[in-house]
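Okay, thanks for coming, everyone. Let me put the chain up on the screen, and then I'll talk you through the sheet, a couple of residues and the empty spaces.

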Amino acid sequence: MKKFTIVALIIVLTVAVALTCCFAACEKADFTIGIIQLAPHTALDKANTGFVDELDKLMKEAGLTVKYKNKNANGDDNNNSTIVGTFMNTDLIYSIATSSSQAAKIKAVEKNIPVIFNAVTDPKQAKLVNEWDAPGVNVTGVSDKSPMAQQAELMGELLAGTAPVVGILYTSKEDNSIVQKDEMKAICEAKGWTVVEKGVQDVSEIQVGLTSLSAANIIYIPTDNMLAENAETLHSANVNSNFKRPIVCGESGMNDKCGVATYGVDYYELGKMAAHMAFDILVNGKSAAEMPVQTQQNGTLSVRKDIAEAIGFTIPQSILDRASE
C-alpha cells in the first residue's frame, strides 16, 4: 500500500512539473524589450504608451508576442546606467529622452543590442548617431525636433504687430534644451527680433529665471525635461509675476499646463513611429545602423484660452479660428 502511495505521489509530482514547464514555455514571449524612460511627464509618457500600443498591435498581427521591462529613472540621470544594466538579456532597448539614450548606447553597443531612442532633439549632437540618415552604429530612433519655424511665426502672430522681444527659458544642463535654445535664437534674430535668454538648473530657479526675462514680451520654452516636469510651477510663477507674459512651449503636453498656444509634435505618434522601427529590426531583420532617424514633419496647433485668461492675455481670433478647424 505504501509502495503504491509513493508511486502515485511521484506520478503526481512529475505531472505537476511537466505542467509547470509547459505553462512557462507557453508564457515565454518571442521578444523581450527593455524600456527606459528618463522622467514621468506627459510627453515622455505618451512616447512610451504609443510605442507599446503600436508594437503590441504589430506583433499580434504577425502572430508574435513581446514582453516589456518598463522602468523609469524618475528624472535622475544617475539611475540610467543601473536600469540599462538590467536590460543586457533583452532583444532591443527603447530609450526615451537624451540622457537615458546615451546610457543605453554605452552599455548596449558592447552587447550588440539594438537601441531605438525617442524624445531626442539632435541625436548627432548627442553623439548617439554618426549621421541622421546613416546612424553607423546599432542605434537609431525618432527625434522630437519641434517645428520651430512654425512656432516662431506663431509668436509673431500672438503679439499682433507688436515687435517681439523673445525670452527663452531653458535648462542649462540639458543638451537637448541648449540645442533648441540656440536654434530658436537664430530663427528669431534672423527676423530682426530681440532675444534674451536664461538658463536654469532646477525647479528652485524657475521664478528667478522668469523674473530675469522681464524685458521680454513673450516667452519660449524648448522641449525640456526638467521644465516639462514642473510646467504647473511655471504657470503659477507666471500668473503670480509682475511681468505676466504669454508662453509658447516646444511641445503641446507641456504647453497645456503653462502655455497659451503652440505648434507641437505628437509624442504618442512619435512612439508609434518608433514601434515600426523596432518591428523592422526584430521581425524583418533590418539593421539599426542603416535606418535613418525619423521626425514628425508638421506640428499640430493647440491653444489654451484658460491659461491666456489667467494672465490677462487675448489670443488673436485668427489663431483661434485655425485651432478649431
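Before I start, one bit of vocabulary: I'll say two strands pair if DSSP finds at least two bridges between them. Keep that in mind for strand β5, residues 139-143, and β11, which pair in the parallel sense over two bridges. And yes, this is a predicted model.

Quick overview first. We have 325 residues, and buried ones make up 50% of them. The chain has 13 helices and 12 strands. The C-alpha trace spans about 95 × 45 × 40 Å along its principal axes. If you take the contacts with a separation of 6 or more, 70% of them are between residues 24 or more positions apart.

Right, the sheet. What is the order of its strands? Reading across, you get β2-β1-β3-β4-β5-β11, an open sheet of six strands with parallel pairing. At the edges sit β2, residues 66-72, and β11, residues 294-295, each of which pairs on one side only.

Let's go inwards to β3. How many of its residues are buried? Five of its five, so to speak a strand that is mostly covered, taking buried as under 20% relative accessible area. In a regular strand, side chains alternate between the two faces of the sheet. Here both faces of β3 are covered: L92, Y94 and I96 are buried on one side, I93 and S95 on the other.

Now β3's partners. With β1, β3 pairs in the parallel sense over five bridges, and I35 stands opposite Y94 there. With β4, the pairing is again parallel, over four bridges, and that's where I96 stands opposite N118.

There's a helix to add on top of this. Helix α2, residues 42-61, lies across β1 (31-37), β2, β3 (92-96) and β4 (115-120), and α2 runs at about 170° to β1.

Let me stop at N118, which lies in β4. Is N118 buried or exposed? N118 counts as buried, because its relative accessibility is 0%. Leaving out residues up to four places away in sequence, what does N118 touch? Among its contacts are Y94, S95 and I96, which we just met in β3. N118 also touches A47, A97, S101, V142, L270, G271 and A274.

Compare that with the edge of the sheet, where T295 sits in strand β11. T295 has a relative accessible area of 25%, so it is classed as partly exposed. Across in β5, S143 stands opposite T295. Apart from neighbours within four places in sequence, T295 is in contact with W132, S143 and M273. One more on T295: its C-alpha atom and that of T121 are separated by 9.4 Å, and the two residues are 174 apart along the chain.

Okay, empty space. Rolling a probe the size of a water molecule over the atoms shows where empty space is left.

The largest pocket comes out at about 330 Å³. Which residues are closest to its centre? Of the 14 that line the pocket, those are L38, D77, S99, K173 and E174. Three helices each supply at least two lining residues: α4 (98-111), α6 (175-190) and α8 (225-229). By class, the lining of this pocket has two nonpolar, seven polar and five charged residues.

On to cavities. A search of the whole structure finds two of 30 Å³ or more. The largest cavity has a volume of about 60 Å³. It is lined by 13 residues, and the closest to its centre are H41, T223, D224, N225 and Y267. Helices α2 and α8 are the elements that give two or more residues to that lining. The lining of the largest cavity divides into six nonpolar, four polar and three charged residues.

The second largest cavity holds about 40 Å³. Its lining is T98, V120, T121, D122, Q125, A126, D175, N176 and V179. Which element gives the largest share? That's α6, with three residues. By class, the second largest cavity is lined by three nonpolar, four polar and two charged residues.

That's my tour. Happy to rotate the view if anyone wants another look.

Terms used. Residues are numbered from 1 along each chain as its sequence is written. This is a predicted model: local features need pLDDT of at least 70, side-chain atom pairs count only at pLDDT 80 or more; totals for chains, interfaces and linings use all residues. Side-chain values use heavy atoms; hydrogens and water are left out. On a 1 Å grid over the protein atoms alone, a cavity is a set of points where a 1.4 Å probe fits but cannot get out, and a pocket is an open set with protein on both sides within 12 Å along at least five of seven lines; lining residues have an atom within 4 Å of a point. Grid points are joined across faces, edges and corners, and a volume is the space filled by probe spheres set on the points. Ala, Val, Leu, Ile, Met, Phe, Trp, Tyr, Cys and Pro count as nonpolar, Asp, Glu, Lys and Arg as charged, and the others, Gly among them, as polar. Contact means heavy atoms within 4.5 Å. Axes are lines fitted to C-alpha atoms, for helices over the stretch in contact, and angles run from 0 to 180 degrees between N-to-C directions. Buried means under 20% relative accessible area, exposed over 50%, partly exposed in between (1.4 Å probe, protein chains only).
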